[in-house]
Amino acid sequence: MAKAILIYGSTTGNTEALSGHVAAGLKQGGADVTVKDVSTTDVDELASYDAIVFGCSTWGDGDLQDDFIDFHADLNGASLDGKKAAVFGPGDSDDYPDTFCDAVSILEEALKKCGADIVAENLKIDGDVEPAFQDAKAWGTKVAGAL
Ligand SMILES: Cc1cc2nc3c(=O)[nH]c(=O)nc-3n(C[C@H](O)[C@H](O)[C@H](O)COP(=O)(O)O)c2cc1C
């Protein structure tokens with residue numbers, strides 16, 4: 001059974017809520033999942049897992065959610081060779097069409113630079129997250145199938 005860590009950063013609770021559904025999907029797909037808030041997670045912890053899932057909303061003008069900023073900086077230079085990874089996050093294309101879900105792309109690039117293998121297309125949720133809970137769970141199951 002693949003050992004996965006899902007790390008989320010969330011300001012108003014949307015990514016946190018999505019994380020519960022992604023985690024349920026990962027479990028349904030056969031992964032052993034630990035869910036953690038990025039504000040209480042150290043990059044060193046990634047070494048203990050086979051798979052890494054990041055959930056991060058986009059704030060400011062295409063920026064990472066606040067709690068992810070230091071973690072992202074700490075990723076620089078880390079070796080994630082052999083790790084499998086995937087990224088999801090909510091955003092708002094109506095109000096931020098030019099920076100829609102940029103945080104997801106930023107984190108995918110960081111994971112690739114560290115040598116991780118992106119095993120599933122990212123999931124970008126537009127607007128209200130509640131209608132997307134089922135999609136989030138299905139995406140988690142899909143990711144688990146790629147581990
Ligand atoms: C001040 C502000 C800036 C935002 N900037 C962006 C942005 O650049 N791109 C985007 O896709 N969404 C942007 N959003 C939308 C948030 O990403 C969205 O509300 C998300 O669901 C918040 O998730 P969270 O509660 O997990 O932090 C912004 C929202 C606010 C209030």
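Visitor: Before we start, what counts as a polar contact here?
Guide: A polar contact is a pair of N or O atoms within 3.5 Å. Keep in mind that this is a predicted model.

Visitor: OK, so how far is the side chain of T99 from an oxygen atom of the ligand?
Guide: An N or O atom in the T99 side chain sits 2.7 Å from a ligand oxygen.

Visitor: And what about N14 and C101, how far are they from a ligand oxygen?
Guide: N14 has a polar side-chain atom 2.8 Å from an oxygen of the ligand. With C101 the backbone takes part: one of its N or O atoms is 2.9 Å from a ligand oxygen. As for cover, the ligand has 650 Å² of accessible area on its own, and the protein covers 82% of that.

Visitor: How many residues surround the ligand?
Guide: There are 19, and the closest are S10, T12, T15, T58 and T99.

Visitor: Switching to the helix, then. Which residues of α1 are buried?
Guide: They are T15, L18, S19, V22, A23, G25 and L26. Looking down the α1 axis, these buried residues fall within an arc of 160 degrees, so they line one face of the helix.

Visitor: Why would spaced-out residues point the same way?
Guide: An α-helix has 3.6 residues a turn, so residues three or four places apart point the same way.

Visitor: What covers that buried set?
Guide: The cover includes strands β1, β2, β3, β6 and β8, plus helix α4. On the other side of α1, K27 and Q28 are exposed.

Visitor: And what follows α1?
Guide: G30 follows α1, with a positive phi near 100 degrees.

Terms used
Residues numbered from 1 in each chain as written. Predicted model: local features only at pLDDT ≥ 70, side-chain atom pairs only at ≥ 80, totals over all residues. Heavy atoms only, no water. Buried < 20%, exposed > 50% of the residue type's maximum accessible area, 1.4 Å probe, protein only. Helix = DSSP H or I, 4+ residues; strand = E, 2+ residues; numbered from the N terminus. Arc of directions from axis to C-beta. Contact = heavy atoms within 4.5 Å. Near = heavy atom within 4 Å. Polar contact = N/O pair within 3.5 Å; in protein donor to acceptor, adjacent residues only side chain to side chain. Areas by Shrake-Rupley, 256 points an atom, 1.4 Å probe, with all protein chains shown as cover.
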